[in-house]
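Here is a short briefing for a first look. Start with the whole fold, then move to single residues.

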Amino acid sequence: MRPVDIVSGGTIVGEHGTFRADIVIRDGRISGLVQDSSAVEGERLDATGRYVFPGGVDIHTHLREPSKIEREDFAHGTASAVAGGITTVVEMPQADPLVVDVETLHTKRSLAELGSITDFGLYAAAVGQSREELAALQSEGVIAFKAFMCDSSPGYPRLDDAMLLECLEAMRDLNALLIVHAENNDLLQAGLARMAAAGRVDALAHADSRPPVVEIEAIRIAVDLAAHVGARLHVAHVSTPAGARIVAEARAAGAKITCETCPQYLLLDLADLERLGPYARCAPALRSRADVDELWPLALDGTIAAVASDHSPYRPEEKDAGAENIFQAALGLNVIQVMLPGVLDEGRHRRGLTLSRFAELSAGGPAKVVGLYPTKGSIRLGADADLAVWDLDREWEVSREQLFSRHPWTPLEGRRIRGKVEATIRRGELVYHDGVVCGHAGSGRFLAAVQPAGKPAGRRGIRA
């Protein structure tokens, strides 16, 4: 890992367009954007002919520490992240044990501080704790709280509608953000029972057990309750165009509600579920090609605030368990390293995605959702020097040999992609360069939002 003081010769990609400038870095922050840096002394990274984006901000990861089972960990997961142009992750509370109180939060934070290469934030689970317990977690720096509306994550109690309303009232009073996994539990359980009664265990039975209406109805309820009480809400991994539109309508009416989608819902469809079987099982399920095509315009027009990985790289044996019965396969996909290249390639070459909109989807937008912007997610004076240098013309094929995950598989294996991350810089330090992760485990910093998400924050908006 070496410091970088100047990134020269590149084309800068920001939220509002592209421009030619050299980036001068001091003390880990951007101190200058200049046309000619030849008189500036220091370590130089030549980005001539390349495009320089804000480092990606992934606000939905499952790196699974601590864990009784060797799944992913902070060291491998964040090595994969920097190789994919990501410099900040925000980690979900699933772990052994689940992050539900200050003690379990401290355990997870200590492991992240030992292993993370990226800077990182942490979520806590909302499972019906008292307001005092939620406030204690907030005071310890959790960026937001996560609730399930269905029984889908083992060991993670769901909130029914009454509990969700009470939780949203607490979020409002704490000025905290609630993130929801939105699937209607009654409809989901009925779908699972319907598949069991029909004797269906094929790959497509997974999608048929949790069709789009399962997500749409849950989003409708969560959005209505959040708007009713005036709480801040973020809907995770939206897979349906109708669900995203519900969020957009509430937001247009003044509600403080955002949503994200994931690469699997922009790149894969039911044919991939049928082809890959357990290695494409996730929740929500993959959707039809028509849904994919309809979701893209909502990512382009700002309805969807962020693209996030929902990175969940289970062990191969946990996926292979579903070879004969899809419902025995663990729910989750390994996508963090290939997320941004896959989305940029598809979006730029086939969907009309501009470079500046990609910068917003991958960095600025997610940073705003969780209150880390503009220190994270932007290229401007005073921001952290988190940068990804891309060769937009380089063509390559995704293979497991390139992956840094602890369990190197991905549903995007074999995909041809145009556009590759050449270098990743985190706070002025080179952490990835041309196929080599050079960042040190444990060099990432803990981040905590201390003001409402979505509002511009200076350095005081983050504490490390």
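Residues 24 or more positions apart account for 74% of the contacts in the protein with a separation of 6 or more. The model is predicted. The protein has 14 helices and 22 strands.

**Overall form**

- The chain has 464 residues, and a compact globule of that length would have a radius of gyration near 23 Å. The protein has 21 Å, which agrees.
- Taken along the principal axes, the C-alpha atoms fill a box of roughly 70 × 50 × 45 Å.
- Of the 464 residues, 61% are buried.

**Surface and charge**

- The accessible surface comes to about 16,400 Å². Carbon and sulfur atoms hold 49% of that surface.
- The protein carries 50 positive and 63 negative charges. The mean positions of the two sets are 3 Å apart.

**Cysteines**

- The structure holds zero disulfides.
- Cys262 is in no disulfide, and the nearest cysteine sulfur, that of Cys282, is 8.1 Å away. A disulfide needs the two sulfur atoms within 2.5 Å, so this pair does not qualify.
- Cys262 is buried, with a relative accessible area of 0%.

**Cis peptide bonds**

- The bond from Glu65 to Pro66 is cis, with omega near -10°. Pro66 sits in the loop between strand E9 (56-61) and helix H1 (74-83).
- The bond from Ala283 to Pro284 is also cis, with omega near -5°. Pro284 belongs to the loop between helix H10 (270-276) and helix H11 (289-300).

**Positive phi outside glycine**

- Asp310 is not a glycine, yet its phi is positive, near 50°. Look for Asp310 in the loop between strand E16 (306-307) and helix H12 (316-320).
- Is Asp310 buried or exposed? Asp310 counts as buried, because its relative accessibility is 8% and the cut-off for buried is under 20%.
- Arg427 also has a positive phi near 50° and is a residue other than glycine. Its loop runs between strand E18 (416-426) and strand E19 (429-433).
- Arg427 is buried, at 10% relative accessible area.

**Val247 and Val235**

- Val247 lies in helix H8 (residues 241-252). Val235 lies in strand E14 (residues 232-235).
- Val247 is buried, with a relative accessible area of 1%. Val235 is buried as well, with a relative accessible area of 1%.
- Which residues does Val247 contact, leaving aside its neighbours within four places in sequence? They are Ile219, Val223, Val235, Ile257, Thr258 and Cys259.
- With its neighbours within four places in sequence left aside, Val235 is in contact with Val180, Ala182, Ile219, Val247, Thr258, Cys259 and Glu260.
- Ile219, Thr258 and Cys259 appear in both contact lists.
- Val247 and Glu324 are 77 residues apart along the chain, and their C-alpha atoms are separated by 37 Å.
- Val235 and Arg445 are 210 residues apart along the chain, with 26 Å between their C-alpha atoms.

**Two buried loop residues**

- Gln94 is in the loop between strand E10 (86-91) and helix H2 (102-115). Gln94 is buried, at 5% relative accessible area.
- Beyond its neighbours within four places in sequence, Gln94 is in contact with His62, Arg64, Lys108, Phe148, Ser153 and Tyr156.
- Thr118 is in the loop between H2 and strand E11 (119-125). Thr118 is buried, with a relative accessible area of 0%.
- Which residues does Thr118 touch, not counting residues up to four places away in sequence? The list is Thr78, Ala81, Val82, Ile86, Thr87, Thr88, Val89, Arg426, Gly444 and Arg445.

Technical notes
Residues numbered from 1 in each chain as written. Predicted model: local features only at pLDDT ≥ 70, side-chain atom pairs only at ≥ 80, totals over all residues. Heavy atoms only, no water. Helix = DSSP H or I, 4+ residues; strand = E, 2+ residues; numbered from the N terminus. Rg over C-alpha atoms; globule rule 2.2 N^0.38 Å. Buried < 20%, exposed > 50% of the residue type's maximum accessible area, 1.4 Å probe, protein only. Contact = heavy atoms within 4.5 Å. Areas by Shrake-Rupley, 256 points an atom, 1.4 Å probe, with all protein chains shown as cover. Lys, Arg positive; Asp, Glu negative; His and termini not counted. Charge placed at Lys NZ, Arg CZ, Asp CG, Glu CD.
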